[in-house]
Amino acid sequence: MQQLALQRTSDGLFLSARFELSPHGAVQDALIKGVPLYFVWQADVLRERWYWTNKRVAGATRTLRLAYQPLTRRWRVSISTEAGGGTGGGAGLPYALHQNHDTLEEALAAVGRVSRWRLADAAQLEPGASHLVEFGFRLDLSLLPRPFQIGLGNQEEWSMALERELGVPEAATPELPAPAEPRATSPAAEAKAGGEAPAAESPSR
């Protein structure tokens, strides 16, 4: 199942998405053996131009590292806002957030879900112009440890990728106000509001 939604507000452009990931075979075996996998979310915001190629006005990258922790028997999802590269690969990325999960299913759900991911600020979207988002999600084999990269490109089970092109709403949509939190009241006040008077206490003797 795939769900993708763009929201344009007075603050900027946001993406919410959810994918169902189900690695199997050699991919799942590698995870259980402690080999980390790296998933990359990438989005480019483009302004359409009829007279030339589209202009890139903004973009965002999100790299997630999924690894099994044998000592704790838990799954850890680490999130970085930088793209991998260089000799260190995924191991050299700075991670700003770590999440622990009890099961692989819970960890995969966290990897395949994003809510209100900021792609662009409002000032980067030109009023009256048409914009689109080129979105990509993939299992990045180039970030795996070097011995595991050999020959994986030809194995279908290691090919996990999705590409989509989304149109950006031309106008900002108003954000719904947050629901008011219920106010704590005393039992006496609740009884008064309901039209019932609190029971009178008998005088002490």
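**Exercise 1. Find how many salt bridges a search of the whole structure gives, and follow three of them.**

Step 1. Searching the whole structure turns up five salt bridges, where a salt bridge is a side-chain nitrogen of Lys or Arg within 4 Å of a carboxyl oxygen of Asp or Glu. Side chains of opposite charge can pair when their charged atoms come close.

Before going on, please note that this is a predicted model, in which local features need pLDDT of at least 70 and side-chain atom pairs count only at pLDDT 80 or more, while totals for chains, interfaces and linings use all residues. Residues are numbered from 1 along each chain as its sequence is written, and side-chain values use heavy atoms, with hydrogens and water left out.

Step 2. Start with Glu126 and Arg47, which form a salt bridge whose closest N and O atoms are 3.2 Å apart. This pair links distant parts of the chain: Glu126 is in the loop between β7 and β8 (131-139), Arg47 is in strand β3, and 79 residues separate them. Helices (H or I, at least four residues) and strands (E, at least two) are DSSP runs, numbered from the N terminus.

Step 3. Check how covered each partner is. Buried means under 20% relative accessible area, exposed over 50%, and partly exposed in between (1.4 Å probe, protein chains only). Glu126 has 38% relative accessibility, so it counts as partly exposed. Arg47 has 15%, so it counts as buried.

Step 4. Move to Arg74 and Asp102, whose side chains meet in a salt bridge at 3.1 Å, N to O. Here too distant parts of the chain are linked: Arg74 is in strand β5 and Asp102 in the loop between β6 and α2 (104-111), 28 residues apart. Arg74 is partly exposed because its relative accessible area is 30%, while Asp102, with 51%, is exposed.

Step 5. Finish with Arg138 and Asp140, which meet in a salt bridge at 3.3 Å, N to O. Arg138 is partly exposed, with a relative accessible area of 30%, and Asp140 is buried, at 10% relative accessibility.

**Exercise 2. Place strand β5 among its partners: which strands do bridges join to β5?**

Step 1. Look on one side: β4 and β5 run antiparallel and are joined by seven bridges. Two strands pair if DSSP finds at least two bridges between them.

Step 2. Now look for β6 (residues 97-101): five bridges join β5 to this strand, again antiparallel.

Step 3. Use Ser78 as a landmark. Arg65 stands opposite Ser78 in β5, and in β6 the bridge partner of Ser78 is His98.

Step 4. Ask how covered β5 is. Five of the seven residues of β5 (residues 74-80) are buried, so this strand is largely enclosed by the rest of the structure.

**Exercise 3. Locate two residues other than glycine with a positive phi.**

Step 1. Recall the background: most residues other than glycine have a negative phi, and most peptide bonds are trans.

Step 2. Go to the hairpin of β4 and β5, which has four residues between the strands; there Arg73 takes a positive phi near 55°. Arg73 is exposed, since its relative accessible area is 64%.

Step 3. Turn to Arg116, whose phi is near 50° and also positive. Arg116 sits in strand β7 and is partly exposed, with a relative accessible area of 35%.

**Exercise 4. Work out the strand order of the open sheet of three strands.**

Step 1. The order is β1-β2-β7, with antiparallel pairing.

Step 2. At the edges are β1 (2-8) and β7 (113-121), each pairing on one side only.

Step 3. Between β1 and β2 (residues 12-19) there are seven bridges, and Leu4 stands opposite Ala17 in β2.

**Exercise 5. Find the residues that make a nonpolar surface patch of about 540 Å².**

Step 1. The patch is made by Trp50, Tyr51 and Trp52. Patches are made of residues with over 30% relative accessible area and no salt bridge; like charges are joined within 9 Å, and nonpolar side chains (Val, Leu, Ile, Met, Phe, Trp, Tyr) within 5 Å. Accessible areas come from the Shrake-Rupley method with a 1.4 Å probe, and for residues only the protein chains shown count as cover.

Step 2. To place the patch along the chain, use Tyr51, which lies in the loop between β3 (37-47) and β4 (55-69).
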